[in-house]
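This report looks at how helices turn one side inward and the other outward, and at the contacts made by some of their side chains. Please have the sequence and the model open while reading.

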Amino acid sequence: MSDDRFQEALEELEALKEVAPREASVFFLMGKIYKKLDLPDQAMVNFSVALDLKPASGDVNLIKSAIEKLHVPDDSEDDDL
């Protein structure tokens with residue numbers, strides 16, 4: 001996926017964030033995109049907000065896993081967007 005597509009996805013998620021500001025999955029997806037764009041600080045901010053929004057326990061595990069893999073190159077990750 002090209003950086004342009006990631007930017008488009010971020011724009012859509014920003015708009016969605018305005019409609020559903022307490023939806024942890026929006027912030028989680030934004031964090032994953034920022035990671036793929038090699039912006040780990042932005043990714044961490046979004047992962048942290050996602051956790052602060054008290055998601056379901058299964059989602060908490062996904063977010064924590066993403067945080068643990070924040071500095072692992074995308075090539076070696078199992079899960080894609």
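A residue is called exposed here when its relative accessible area is over 50%, and buried when that area is under 20%, with partly exposed in between. The model is a predicted one, and every value below is computed from it.

By that cut-off, the face of helix H1 turned away from its buried side carries the exposed residues Asp4, Glu11, Glu12, Glu18 and Val19. The buried residues of H1 are Phe6, Leu10, Leu13 and Lys17, and because they cover an arc of only 65 degrees around the axis, they lie on the same side of H1. An α-helix has 3.6 residues a turn, so residues three or four places apart point the same way. The partner against which the buried residues of H1 pack is helix H2 (24-36).

Helix H4 can be described in a similar manner. Its buried residues are Val60, Ile63 and Ala66, which cover an arc of only 125 degrees around the axis and are therefore on the same side of H4. Ser57, Asn61 and Glu68 are exposed on the face of H4 turned away from the buried side, while the cover over the buried residues of H4 includes H2 and H3. For both H1 and H4, the distance between the end C-alpha atoms agrees with the span expected at 1.5 Å a residue.

| Helix | Residues | Expected span | End C-alpha distance |
|---|---|---|---|
| H1 | 3-19 (17 residues) | 24 Å | 25 Å |
| H4 | 57-68 (12 residues) | 16 Å | 17 Å |

How many salt bridges does the structure hold? There are two. In one, the side chains of glutamate 8 and arginine 5 meet at 3.2 Å, N to O, and these residues are separated by about one helical turn because they are three residues apart in helix H1. Glutamate 8, at 41% relative accessibility, counts as partly exposed, as does arginine 5 at 45%. In the other, glutamate 14 pairs with lysine 17, with the closest N and O atoms 3.2 Å apart; glutamate 14 is partly exposed, with a relative accessible area of 31%, whereas Lys17 is buried.

Asparagine 46, in helix H3 (residues 40-52), has a relative accessibility of 6% and therefore counts as buried. A polar atom of the asparagine 46 side chain lies 2.9 Å from the backbone oxygen of glutamine 42. Leaving aside residues up to four places away in sequence, asparagine 46 touches Phe27, Met30, Gly31 and Tyr34.

Key. Residues numbered from 1 in each chain as written. Predicted model: local features only at pLDDT ≥ 70, side-chain atom pairs only at ≥ 80, totals over all residues. Heavy atoms only, no water. Helix = DSSP H or I, 4+ residues; strand = E, 2+ residues; numbered from the N terminus. Buried < 20%, exposed > 50% of the residue type's maximum accessible area, 1.4 Å probe, protein only. Polar contact = N/O pair within 3.5 Å; in protein donor to acceptor, adjacent residues only side chain to side chain. Contact = heavy atoms within 4.5 Å. Expected span 1.5 Å × (residues − 1). Arc of directions from axis to C-beta. Salt bridge = Lys/Arg side-chain N within 4 Å of Asp/Glu carboxyl O.
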